[in-house]
Amino acid sequence: MDSAVERLMQIAIDATEHAYIPYSEYPVGAALRAVDGVVFSGCNIENAAYPSTICAERVALVKAVSEGRRAFDLLVVVTRDGGSPCGTCRQMLYEFAPDLRVVFGDMNGQVMFDGPLSDLLPYGFGPSNLDK
């Protein structure tokens, strides 16, 4: 594992400490690096109205976009068992970074996947598909 992934993995693990998970008790942490090197972390935030729950990956993305970042090169996600980002997160990330490197693993730092977002969302639909 390279040093950038190690650093973001620790940031993602730390982010799980802030997860609001009274229903699933399944903490998720994410660390998203903008191409300028700034890292945005996120945790999952559940809601009694389940569809209102927001994933850690989207929290990090929304934080980044709200602070003016639009280009990203690395995302690290951690869960207790190395679960992968959901489809909604994959689609939202694809909007900004179809070539994003995605790494997901467990809380012990074991990597389950390290590859391009396009492997997680083949034939992704993005801005380039829209004829303006």
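The legends below describe close-up views of one predicted model.

Residues are numbered from 1 along each chain as its sequence is written, and side-chain values use heavy atoms, leaving out hydrogens and water. Because the model is predicted, local features need pLDDT of at least 70 and side-chain atom pairs count only at pLDDT 80 or more, while totals for chains, interfaces and linings use all residues.

**View 1. Strand β1 pairs with β2 in the antiparallel sense.**
Strands (E, at least two residues) and helices (H or I, at least four) are DSSP runs, numbered from the N terminus. Two strands pair if DSSP finds at least two bridges between them. β1 and β2 share 5 bridges. Ala31 has Ser41 of β2 as its bridge partner. The hairpin has 4 residues between its strands, and Gly37 there takes a positive phi near 95 degrees.

**View 2. Strand β1 also pairs with β3.**
β1 and β3 (residues 72-79) run antiparallel, joined by 6 bridges. Ala34 is bridged to Phe72 in β3. Buried means under 20% relative accessible area, exposed over 50%, and partly exposed in between (1.4 Å probe, protein chains only). In β1 (residues 29-34), 5 of the 6 residues are buried, so the strand is largely enclosed by the rest of the structure.

**View 3. Phe72 of strand β3 is a buried residue.**
Its relative accessibility is 7%. Contact means heavy atoms within 4.5 Å. Not counting residues up to four places away in sequence, Phe72 touches ten residues listed here: Leu32, Arg33, Ala34, Val35, Leu61, Ala64, Val65, Phe96, Ala97 and Leu100. Gly29 lies 43 residues from Phe72 in sequence and 17 Å from it in space, C-alpha to C-alpha.

**View 4. Arg58 in helix α2 is buried without a salt bridge.**
A salt bridge is a side-chain nitrogen of Lys or Arg within 4 Å of a carboxyl oxygen of Asp or Glu. For Arg58, the nearest side chain of opposite charge is Glu57, 6.4 Å away. Lys and Arg count as positive, Asp and Glu as negative; His and the chain ends are not counted. Arg58 touches Thr53, Thr88, Cys89 and Met92, not counting residues up to four places away in sequence.

**View 5. Tyr20, Tyr23, Ile45 and Tyr50 make a nonpolar surface patch.**
The patch covers about 440 Å². Patch residues have over 30% relative accessible area and no salt bridge; nonpolar side chains (Val, Leu, Ile, Met, Phe, Trp, Tyr) are joined within 5 Å, like charges within 9 Å. Areas come from the Shrake-Rupley method with a 1.4 Å probe; for residues, only the protein chains shown count as cover. Tyr50 sits in the loop between β2 (39-43) and α2 (56-66). Tyr50 counts as exposed, at 56% relative accessibility.
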